[in-house]
Structure formats: structure tokens, C-alpha cells
Amino acid sequence: MPLKLEELRRTREQAREEARLRSGKVKDLMVCCGTGCVAGGGFRIKQALEKEIERRGLKDQARVVGTGCNGFCGQGPLLVVMPEGNFYGWLKPEDAPTLVEEHLVHGRPVEKLMYVSPESKKPVPLLADIPFFQKQMPVVLRNKGLIDPERIEDYLARDGYQALEKVLASLTPDQVIEEITRSGLRGRGGAGFPTGIKWRVCRQEKRTPKYLVGNCDEGDPGAYMDRSLLESDPHSLVEGMIIAAYAIGVARGFVYIRTEYPLAIERLRKAIASARQHQLLGERILDSDFAFDLEIREGSGAFVCGEETSLIHSIEGESPEPRQRPPFPAQVGLWGCPTVINNVETLANVPMIVARGADWYSTIGTPSSKGTKIFSLVGKINNTGLIEVPMGITLREIIYDIGGGIPGNKAFKAVQTGGPSGGCIPGSLIDLPIDYENLQKAGSMMGSGGMIVMDEDTCMVDVSKFFIQFTNDESCGKCTSCRDGSEALLEVLTRISEGKGRQGDVEFLQELGPAVKDASMCGLGQTLPNPVLSTLRYFQEEYVAHVADKECPAKVCKELIKYYIDPDKCPGCMLCLKNCPSGAVKGESKHVHVIDQAVCTKCGECLEICPPKVAAIRKVTGKEARELRSLEAPIPVKEWRARRAQETRAREGR
Amino acid sequence: MSCEPLRSQPVGAALVVGGGIGGMQAALDLAAGGIKVHLVEGRPAIGGVMSQLDKTFPTNDCAMCTMAPRLVEIGRHRDIEILSLSEVQSIQGGPGDFRVTVRKRPRFVNESKCTGCGTCVANCPVHNVVQPLEPPRIELEPAYREQVAGILARHRHRTGPLMPILQEVDAALHYFPEGVLRYLAQETGYPLAHIYRIATFYSAFSVVPRGKYVINVCMGTTCYVRGSQRLMDKLSESLGIKPEETTPDMKFTLKSVRCIGCCGLAPALTVGGEVYGKLTRKDVPDILRKCKEAA
């Protein structure tokens, strides 16, 4: 057997053996060290636990492992104790002594740090019993929270690089492509182009050299699956890329990552270095004739660079504007050479497909969309986090079973998928099975997989305005339709949200949207009207209310709302007065307060601060706002109450 | 100053000095009015500075698209005579009756026959072609010399070196001083305009100095719906600067960024690579204090 291959297998066996020996005797404390949990103090908790274990001389019985993103970011910083799978959330470094004392020494799980089920209000000890994890299907994220992303041994112990071994030992490049094509894998970046076909086109190109690019320029606001993937299991991307390179016939690859993801860059850099050490990258990979190397290129904060031709220009050091396609990058790409650009999640699917076979993979999902998809479930939702679910799952399952519903039992209004290129799917389509075609039909798109949940307090005009602002900012300016079209859309939306909408504005949006779509060159322009068009399709009455009645039904648009203090309820406690940042609340102690509308900036601080049992402050809009008369000046509460009592008596007396 | 009286009959010829876009348009307008025009230009060809521009203010129109039709029209116009490589020596007379001496430098090429094919340049044994003067070499300010030279040495031989170079220079200096950009242009062989374009395209780069701590407030959708704007307002108020500005003591720069992928922590911000999440306005003084203490 070739030397390097043997060495790799030996390392893997050793790692497995170690895990076997440990299991039962040693507890692994898997502390989440994804960006989310680190910001909450993940590293500090890890250190505190290590110190405590050291102090109590438990080093033989417990090991602390920093893992990548666990997914349940809403509960972070969090910890899972393996092998039992006890889940602890909302940790602080001060909890370390209790945890070690109770759980490790006495074997008693700590109830007060457990996840509490919102329905039964009871603590749930095990991760496997938490509904958030139950409906998920980890394929790409199979290793999340289970390995130390910085140790290649951990990845090897969980069958890592076995797919690569299989490929190099027994499959020809064409067989690999055939397998990927049969699996039905489609691009996870958004458009859903079949991966196998893309690879074949590039393989058939005669010109060399060819390049492979992993696209991790995850610019969609609200999407962070690629980042988490790299933070929790960078080797799955490296392995996927090596296999892809072998299939296509590529000797050099790049991973393009946003500079906003320093932790992911760091972990991938380490993964590439250790892969090189094990001769998984470089010349003669695992003693075969196949050579491939990988390089990281960072973006510098331009949304348009996620578009493939723009990304190519960015790597080349050219001005990162998209160009006309065809020719597609698979024919003319980096430095004019055939180039395959795949999303990071797509590439991370590859090892699993090769290892377990296309037949297995194609049993997951719907007829047209195979496999699983990672979504980031964010916004107005109880269980914020990263989820991996089979294609074809319904929105209801995602939002209510996994997401645990909307906070405060508010009504589910819409979910925004696909970032600024996607659209809003209304509550009425909650039973829609999620796949590429269904989302497209509903006027949205898969996009990279951000899912932003919106409740009844979200104004659809405001949401469209936000996205158009984003795309307007990020448009590179090459096509007039995109540059000026987004400007015009923004102008009209701003006008509508400020209550200056004119008759015909809604029709104008409906006309301009498709024009921008048709006339723009790249994906950014072709999809930028989607948020407007989809909200117009499902929530037209909201636009009409803004234009015709000057009313914002969700009470969001500042120019259309007023804050109003109900004199009957205001006890004159001065809370809102003290907290008003602009000094718009007038009054004194035991006087009914009045908001000076001319000064009020509508920040909403007063509404938040007013105690719920008083609830004297209301947001009003439209007709109500216009007709409501508040007091001219503050008057003593007693005087006001007396006046009211008099009025009531007078009415009754009559 | 006294003017000689106009003759009863104008001569009907005009001289335009300078073949830039203004001169070209003037020549065309005059010629359209039936007046013979002599267009004097000091350089070997008309076109002026505009021919070097990509886009023009304020309409962002492509400069060549504006110019090219005029160039062609002037070339074709029977009433316009182009005097290139020429200089006005003296002007005598008054309105309606000028006498101008123009000195024309030799071109050694018969302009009426030349098609501009360029074969002579390629075949010239001594390469005696008109070349612009060698621009003076740019030396870096001593403050940056070592850092920038080191970065250049590390990356200049890579394929596609520009982005890694710019990223490292930005990380080291926090912005691009003009001298550094000029130096990079000279050393990498990229035109300065190209480097400047890249340096201003990406939002992570800056050509104005930035503070030691760059506060990036996430304005992604999730953070936005959870109130990042109010966070930004508070920061802006506490630091006394607007977004995208830097405090006078060069300590803080306030910036908004696109989603940093910490949606579980919304609203969030980063300072120097550290993420702060689940923030409210009340957390702002704490964050600023921490940075000040670290400094």
C-alpha cells in the first residue's frame, strides 16, 4: 500500500481507537465556538471549564472541546456533554464550577441551565429531545458540534477523507461526475443549476489549466450557513473540493471568503495546512498521480462579488463588475480559463454523495430538488439558529416545529427567503413544501438560504424599501436598468412609506419591476425587484393603505404613525419623560403627560418603557392618528380624572 | 484698448486654439455655421484630456461615447483644417481681421496619406517613436516603506496579486495614502486609475484615514428589524460623529456593514474583530469604554 495512504488510515484508526477508549470513561464537553457563541463568551466559558477541571484533577475524566457552530444560536453560548448529549444553554463563565461539580463529579445534570420547553415550561435535559433538533436532518452538517474543527484527526475519526480514498482508488473522473449527476445535486447558491452538468461542461473543455472556486461570499443579509459550515467542519469543504477537482481535472482551486468572517478564514486556513501535511493537497495526493492545491482569497465587502463573473474579476484583481454570459465561466472563467464556481454548501455535499452513493442521496428531498438544505432561521422567531432540513419540508414544520413559533404569540405574516434577491412568502402559503421550483412559483427563490420570519408588526413597504436600499447601494453601476432602476424604485417606495405616495405609484412599481428584471445583465439586477414584486403580489392592500389612506397597518413607517398617551391611563409616573431621548414628552410628576408631536422622533422608547400594567402609550396610524386629539398641555392627574367623572355624570344625568 | 473698426465683409474664417472637447465642439459649431475653421493643437492628435477619461461628471456618461462622433466629424469636415503639433506664435489685428502665425513642428509623415496603421512604429529600427517622458520614480514615505515593501515582496509574484496586496496594506495602514497607491501602481504595473477604482469599489477599503477602532454596526436584515438603527444613532450621538466618519482624535471610525452573519445575536456590531451581540443602547458606553481602556 502506498505510504501516505497507509499513514492516513493509521491516523484515522488511531483517532477512532482513542474515541473508543474514551467513550464511557471520559466525558467530552463540546463548547460551541462559532462566531455567535464566541461573541457571547464561548472562549471564556471554554477556558473557565478547563481551569475548573484542572483544579479538581478531573483531567482523565473530562475533556473540553471547542466546536464549530452548533446551530441553536438563540440559546448560545451553549455546551453539549457527550456521549450522553446533555444540552446546556445561556451559559456564563461563572457557571463552570457548578457544571463541573454537579454534572461531572456527582453525575447530576444541572436543571437550571437546561433548555426549557416553552409549552410545558419543563427543562429538557437531552439535545435529542429538543424539538429544534428533532426534525432536522444533518447531512452536510453531520459533524457540527461533534468535532474540533481545528483537528484533522477528529474529522478522520468520523469517516473523513474516506470518500476521497474511494474516489482515488476506484473511480474515474467521469464516474464521479456521473454519480453527482445521478444524485440530483443542485447548486446551493441560489439558482439551483445541476452541479453534475456544470462539472461535465468544464471537463469537456479542451483548454487547460482549469480552475475550481468555492464561493463563500455569503452576502445575503440574514444568511450565515456557509460561515457556520466553515467554522464547524472546514475539512468537508476541502474534501469536497479535492473530489471536484479530480472529477473536473483541475490542479488549482480557490476559496473566496468574505473578509467579514475572520473566524471561518482562520479555521479554513488551518484545515488547508493540515490537509497539506497529510498529503491531501499538493503534488501526488495520497501517492496517486493527481495534484491539486487550494488557496484562500478574501473579499473586501462588495455584495456583487458573490455573482460568479464578478467574483472572477475580483480574484483577478480587476474591477469587480459582472460581465455578460455566455460564455459561462465553465468555458471562459478565471484568467480566461475554464472555471467551475460552486457554492461552499454544494461542495460540502460532495463527500457524502460519493461515500454513501447517489441512490441514497436521491431518496432525500422532492423529485426535482434532492438532498437537504441549510437555512438560517432568523427574525421574529423563538428558536433562532441554523437548521438543515430535507427538501420538501413545509414552512409550517420549519416555523412551528423547529422554530418554535413566533415570540409573544403574534401572528405569522410572511417569511422572506433568498435575501435581497428573494421575495416574501405570505402566511397563506405556510403549507408550501420548500424546493427550488415551489419557491420560484411563489415569487421568491431559494437563494443562499436565509429565512427571515416576519410577524404582524412588520410593514411590507418598509421591508421592500430596506432591500431596495441594499441593492441600490450594492449595484455596481454597470447596467443603467439596475443602477437607475433601483434608484427609481427606492424613490417611489420612500415616497410611499413617508405618506407622500401618489395615485399610480403602485402601478408604476408593477411596471418598473419587470423592466429592471428584463434589462439587467447579472443576477443582482435580474432579481432585485423581487422583494417589491412579491410583496405587491401578496400584500397589495398594504401598499394601497399607505398610498390612499396614509396609513401603515403594521405601524412601522415613522411618518405615518404617532405615539399617543392615553390621558385616562397615564398616572404621571415620569418614566417615559425621563427616558425620552429627544425630550418630546412634556409633564411633571402626577401630571398627565403629553407628547409634543413636533419634537417626537418616533423612536418608540416611551412605548417600551411604559409598564405593561399601565399601558398608557399607544401607536396609532392613519385616520385614527389624524383624528386623535391629545391634551394641549399637561394637567394634574386628579384634575383630569375629576373632569372625566364630571363628563360621565353629565352624560348619565341627561 | 482701441479696436480697429470691423471690415464690412467678414473674412469668414476662424481659428480655434486647443483641440480638446471644448475646442472640438467650437470648431464644429463654427463649421456648421459655414465658417472655415483652423483647429490648432499642440499635441500630435486632437482629443485632449477627455480621451483619457472613463466616465464624466455628472451624468456618468462614457467619455469616449461623447467624443468619438465629434472626432470623426471633425476628421471628415471639409471646412475644418486640423493643425496638429502646432503652436500659435503671434496674433495681430482685431476682431474680423486677425493675422495669426502658427508654427508647425515636423511630423515626418504625410498626413494626407497616413491611415494610422502603426506598421512604421513596429518596424522602426531605432524605435524613434514619440514617447512620453519617463515619469519620475515614486519613493515611499519612510513611515510606510518597510511595511509596504514587505507586502509587495510577498505577493507580487502571485497570479492576481492586486487584491491580496491591497488587503494587507489596508490591514497595516487602515487606509490607502495617496502616495502608497501611486507607489503600488508603479511597482505592480497596474494603472493608477485601476488601483484607485478597486480601492474605492470595496466597502472594506478607504482612501481617507480611519481611526484605530473601526466600529462596524451590522445593518443586515435581522439586526435592522431588531433595532440596529437605534444603536447606530446612539453611537453616533456618543462619539459626536456621523456614520462613515472618524473622531478627531483618530480613535474611532463609525461604519455600517452588511450582514456579519451573527443573526442569532441581533443587533450586533464588531470592533477590531470582536463581536458584540444582543445589544441595546445602554451597552454603548461600555463598549466605548472597553476600547478606550485597551488603547
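**Helix packing, cores and chain contact in the predicted model**

Helices α20(A) and α22(A) are oblique to each other (an angle that is neither under 35 degrees, over 145, nor 65 to 115). The structure is a predicted model in which local features need pLDDT of at least 70 and side-chain atom pairs count only at pLDDT 80 or more, whereas totals for chains, interfaces and linings use all residues. Residues are numbered from 1 along each chain as its sequence is written, with chains lettered from A and ligands numbered from 1 in the order in which they are written.

Helix α20 (residues 505-519) and helix α22 (residues 530-538) of chain A pack at about 130°, their axes being 10 Å apart. Val506(A), Leu509(A), Gln510(A) and Gly513(A) in α20(A) meet Val532(A), Leu533(A) and Leu536(A) in α22(A), contact requiring C-beta atoms, placed from the backbone, within 7 Å.

The largest nonpolar core (buried Ala, Val, Leu, Ile, Met, Phe, Trp, Tyr and Cys residues joined through C-beta atoms within 7 Å) has 202 residues; those touching the most other members include Ile242(A) and Ala268(B). Burial denotes 20 or more other C-beta atoms within 10 Å of a residue's own. Helix α11 (residues 234-248) of chain A contributes the largest share of this core, 10 residues. Ile242(A) touches Leu164(A), Leu280(A), Ile285(A) and Phe292(A), residues up to four places away in sequence not being counted.

Between the chains, 33 residues of chain B are in contact with 41 residues of chain A. On the side of chain B that touches chain A, α8(B) gives the most, with four residues.

Notes
Contact = placed C-beta atoms within 7 Å. Helix = DSSP H or I, 4+ residues; strand = E, 2+ residues; numbered from the N terminus. Axes fitted to C-alpha atoms, helices over the stretch in contact; angles between N-to-C directions. Buried ≥ 20, exposed ≤ 12 C-beta atoms within 10 Å, placed from the backbone.
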